[in-house]
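Colleague: I've got the model open and want to talk through a few contacts. Can we start with how you sort residues by exposure?

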Amino acid sequence: MVLVLTRTYFPSGTNGTLAMEGRFICNTIELPWKYNKKRVSCIPEGKYLLRKRYAPKFRWHLEVVGVRNRTFILFHPANNALRELNGCIAPVTTISGPGRGLLSKQAFGTLKKLVYQQLDAKETVVLIVQS
C-alpha cells in the first residue's frame, strides 16, 4: 500500500492531504519546514515505511521509519502543530489554519484502521511525502 502526503508549507505550519491510490483519506498538519531540525521541523520530503508502535502517551499509533537524522516520527492525534507536535504528523478532519486542524482523533482512527489492516495482512505500507 502506498500513501501519498501532499504538503503546502507556511511559516507557522505545514498542511497536507493524505491519499491512497488517489483516494482522499484525511488532511494533515505538521510543524513548519526548518531544515529537518529535531523537534521544530517537519520531516524532509521522501519515501518512508510505516509500522505499528505502542507508547503509553499515544497508545497504538504509527511510526514513520527511516527519516534521516530523526527518530520517533509518529502519526498521532493533535490539533495544533506548534503546541502538540515535535516533528510528528497529525491527521485531522478539517484544516483550520496553517499547522492547525479539527477532529484529529477521528481522522487518526480512520487512518490507523486502514493502515493496520494492511500491516496485519503482512503488507508493506509506504509513505511518500511531497509538495
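Modeller: Sure: buried means under 20% relative accessible area, exposed means over 50%, and partly exposed is in between, using a 1.4 Å probe and protein chains only. Keep in mind this is a predicted model, where local features need pLDDT of at least 70, side-chain atom pairs count only at pLDDT 80 or more, and totals for chains, interfaces and linings use all residues. Residues are numbered from 1 along each chain as its sequence is written, and side-chain values use heavy atoms, with hydrogens and water left out.

Colleague: Okay, is Asp-120 buried, partly exposed or exposed?

Modeller: Asp-120 has a relative accessible area of 48%. That value falls in the in-between class, so Asp-120 is partly exposed.

Colleague: Which side chain does Asp-120 meet in a salt bridge?

Modeller: For a salt bridge I want a side-chain nitrogen of Lys or Arg within 4 Å of a carboxyl oxygen of Asp or Glu. Asp-120 sits in helix H2 and its partner in strand E4, 68 residues apart; helices (H or I, at least four residues) and strands (E, at least two) are DSSP runs, numbered from the N terminus. At 2.3 Å, N to O, the partner is Lys-52.

Colleague: And over which ring does Lys-52 lie?

Modeller: A charge sits over a ring if NZ of Lys or CZ of Arg is within 6 Å of the ring centre and within 35 degrees of the ring normal. Lys-112 has its charged end over a tyrosine ring, 5.8 Å from the centre of Tyr-116. Lys-52 lies at 4.7 Å from the ring centre, over the face of Tyr-116.

Colleague: Which residue meets Arg-7 in a salt bridge?

Modeller: Arg-7 is buried at 4% relative accessible area, and the partner is buried at 0%. Arg-7 lies in strand E1 and the partner in strand E3, so the pair ties together parts that are 23 residues apart in sequence. The N to O distance is 2.7 Å, and the partner is Glu-30.

Colleague: What's the strand order in the open sheet?

Modeller: Two strands pair if DSSP finds at least two bridges between them. Strand E2 (residues 13-20) and strand E3 (residues 23-30), for instance, pair in the antiparallel sense over 7 bridges. The open sheet has 8 strands with mixed pairing, in the order E6-E5-E4-E10-E1-E2-E3-E7.

Colleague: Which strands are at the edges?

Modeller: An edge strand here pairs on one side only. The two are strand E6 (73-75) and strand E7 (90-92).
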